[in-house]
Amino acid sequence: MQELVDGLIKSGAAPAGVPAWLHYLSAMLLFGGIVVFGFVLPIAGITTWVERRVMGRMQSRIGPNRVGPAGFLQWLADGLKNLLKEDIIPRASDAALFKLAPYVVIAGFVATFAVLPFSGNLIIADMNVGILYVTSVTALVVVGILMAGWASNNKWSLLGGIRSAAQIVSYEIPAGLSIFPIVALTGTLSMQGIIAHQGPHPWQWFLFDNPFTFLAFFVFFVSALAEGNRTPFDLPEAESELVAGFATEYSGMRNLLFFMAEWGNLYVIGAIVTTLFLGGWQIPWALDGQPVLRNLLQFGLFFAKSYFFVFLAIWLRWTLPRVRVDQMMTMCWKYLVPMALVNLLGTAVWMLVFPNGVPLVRWVLTALTGLALVMFFWRVRFHVRAAGYGRAQLSFNPLATTRVRW
Amino acid sequence: MGLAGFEVEIQRQQNGGGVVTEDMTLNMGPQHPSTHGVLRFVVRADGEVMKSAIPDIGYLHRSIEKIAEKVGWHGFLPYTDRVDYVAAMFCNHGWCMAAEKLAGLEVPKRAEYCRVIADELCRLHSHLLSVGTMAMDIGAFTPFTHAIREREYLNDLFEELCGARLTFHYMRIGGVGWDLPPGFDEKVTAFLDRFEPMVEEYNRLISYNKIFTERLANVAVISAAEAIDYHLVGPNLRGSGVRYDVRRDDPYSVYPELDFEIPVGRGEVGTLGDSFDRYIVRMDEMKQSCRIIRQALRQIPKGPVIAKVPRNFKPPAGDTYVRLESARGDMGWYVVSDGTAFPHRCKIRTGSFTGISIIEKVSRDLMIADLVAVIASLDLVAPEIDR
Amino acid sequence: MPLDAAGVHARLTARFGDAVGAPAGTGRDAALTVVPERIAEVCTLLRDDPDLAFDCLSNLSGVDYPKAGHIQVVYHLFSYRHRHWIVLKVNANRDDPVVPTVSTVWSHANWEEREVFDLLGVRFTGHPDLRRLLMPEDWPGHPLRKDFVEPEEYHGIATSRESLLKA
């Protein structure tokens, strides 16, 4: 990012009399604004559209299909509707905390984008404590949810808020512990630094580096789902028990802000997983002379990888039931934390014994995962055949809207 | 994965050491996404663990039993649909059976077969809703939509049969309202061919899912003795291991001529008599219902579909108690006639009424999330409880 | 060994004598009339005697007979072990109906008796928690009685409205 601004100053596009730090600051603010309004909010909105269409196909029905082509503008319509709704604040609630809570949650969520890389050169601020900053800033969400649960003056909201606080705080531990193996492998906390240590090919990703980082990936993904209040860990907003948990008393835009944070958080989870385990934006070609094309390709690859995890989270949400509070806590403290500790220790020992890693292990892990994927799609094909769906009835088109014949 | 940690915490409060706490009184109010109708529970909870959950019913009381005394024998049939609108055919059947027994009427064979086919289709209808909403209450939304998709087929079939999707009013005193429409047996057979493999699909999707079974195993274990003492019926009773079904052990209509099994809870995951057993009994019953419908369609004779019943129906004075196996279990109809065109008293004893009376007992030391699972596993519907 | 109504009657008269009347009615609806004061003891014997073993109270209803001047409580009992039935009838004076509770014998009777109390006004002595079940706690009167007149209003809400079919 810094080189970009330096290049602009040198080529005379930016006024010369202004001190350099002001250039950097205004560039960061400008880019931050573009990211927040041009990327974060639309992503949060579009993910709702994606979720509703994917959910619809999984449930043998069509998702939204009225507003815009294939219902694509539904999220804009929902946003507008929520802005126009009556803003109800319960009389007995703690009004100041009640109004503040959604903003704290949104702040905790949007602030993570300051260090999320989009491509090799596009990042708002490549802090040297990047990943640590992300874990600490997402803890703001807990504060916001607790505020919402308490200030609503509603016992059900309180239950939801307390459950959420317990859940997010508990799952910070395995999530953090699963990040440490990667940090140990690279020796840096910076996001771009972690990506720079990986390569474009799958066996160069940290996911397949050694069996312990492979397990750390799963531990991290499950913990991240729990931190994001996604099923199977959506107890804080368990619709069938607590109506909407901590967000029960919220109406209109305040309500939407909570859920925007949740859906946008899916992308953040995807981005972090991609950065840490999947090689980030690394593309196979150097393309030194074409910065625009290079950055475009890198962004496209990064986005595709991150969005795959968004899709995975949606898929899990609409398949699995919800765990109970004590089962969730048991899973965290009795299973995930010991597993994460073992992963950390194992990675450290691996680094000691094999300082440069073992290429054979990387290839074997990659091959095994590839094999698992092939078997998965084979099984899908078997079920599709067994259910008797002919080609005429089955459609892989996610935008299939008309004449869904039984 | 027990409640060991919580037991320690509760003990510390009783011993006087540590922080002073008090119980929270929550109102799982009449409007709630998962109380299966308009039910209210007053829950005293210590955090997530409940001390008691006391049901408060009556929000859906429509005085149907008193209405019977006002509208006459024939006129009461549409009201019986509303006694349990999720499984309305059985309520029609119960009233017709009681009236026919009082008057000593003989129902034609074809009408009895039509009744059985309608009853078993309605059992599928009700069980699909029950397992779907149970999955939804546990947190898995997709099986619910799949169950509703199957129910849409059944709704189409019912609409062809009697014109309604929910409150059927198909049966009449002395028989049924209309004969099976032409082509009905092909449509029903096509539906059954499509539906029976779906039960296996649901089992693969949700029934044996680890999270689902962990939520239901060992939750609200009801022993056979307790079940009989509280008079739980239907899948609630069979889930506790008691192999009793009115269709087999106290047969009515043409069930003696049909061959089917009675699924009983086996304690597959957890203990015999827990919530999972009651759930899996319903899944197995759906398969048996498909079997019964196929046999009935093959064996149905030709003939009239209704006996000659005077419009001014006046059964002789007397009382009778008839039972039939509704989707929610043994539904008892105690009807008293005083010889006039209006019944003297009609009392309906339903499976959900007994089911909800046991909730206060089994909900001690469960968690709030478990209360939702228990309500769903007992398959309570508010209209049956309140009438 | 399933028993019919006469067989059950014989065993009951051996212990209770005249308190239990002869079976009236046919088949499974043949009912034994029991004096109200002894109903709890009769039910306890019916449940505990190994030849009778009526472990299930299938139905408990109240019927209002204004012309005869009593409210009748009808018990339908079933035995899972022997697969036999019996019907008991208890007549309580309509002006002050009092019947001993059988909720100590079968837990099912707990809520059923609450309902009979709520809708017909029969008081069950010894019941652990006799309060209204279906109607609100402060509802006046017992709705299922034949002479029940609906109150004009309840907490300010009118219970009737003028006919929508204007002449």
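In this predicted model, Val105(A), Val374(B) and Leu77(C) touch the most other members of the largest nonpolar core, which holds 252 residues. Such a core is a set of buried Ala, Val, Leu, Ile, Met, Phe, Trp, Tyr and Cys residues joined through C-beta atoms within 7 Å; a residue is buried if 20 or more other C-beta atoms, placed from the backbone, lie within 10 Å of its own. With 16 residues, H5(B) gives the most to this core. Because domain 1 (4–56) and domain 2 (64–386) of chain B both contribute residues, the core lies between them.

Apart from neighbours within four places in sequence, the contacts of Val105(A) are Val141(A), Gly144(A), Ile145(A), Leu257(A), Phe258(A) and Ala261(A); contact requires C-beta atoms, placed from the backbone, to lie within 7 Å.

Chain B meets both chain A and chain C, as tabulated below.

| Partner of chain B | Residues from chain B | Residues from partner | Classes on the side of chain B |
|---|---|---|---|
| Chain A | 27 residues | 23 residues | 16 nonpolar, six polar, five charged |
| Chain C | 25 residues | 22 residues | eight nonpolar, eight polar, nine charged |

Elements giving two or more residues to the side of chain B that touches chain A include helix H5 (109–138) and helix H6 (142–162). Towards chain C, they include strand S6 (318–326) and strand S7 (329–337).

Chain B averages a pLDDT of 88, pLDDT being the predictor's confidence in each residue, from 0 to 100. Over residues 1–12 of chain B, the pLDDT is below 50. Where pLDDT is low, predicted coordinates should not be read in detail.

Residues are numbered from 1 along each chain as its sequence is written, and chains are lettered from A in the order in which they are written. In this predicted model, local features need pLDDT of at least 70 and side-chain atom pairs count only at pLDDT 80 or more, whereas totals for chains, interfaces and linings use all residues.

Terms used: Contact = placed C-beta atoms within 7 Å. Helix = DSSP H or I, 4+ residues; strand = E, 2+ residues; numbered from the N terminus. Nonpolar A, V, L, I, M, F, W, Y, C, P; charged D, E, K, R; others polar. Buried ≥ 20, exposed ≤ 12 C-beta atoms within 10 Å, placed from the backbone. Domains from an automatic or database assignment.
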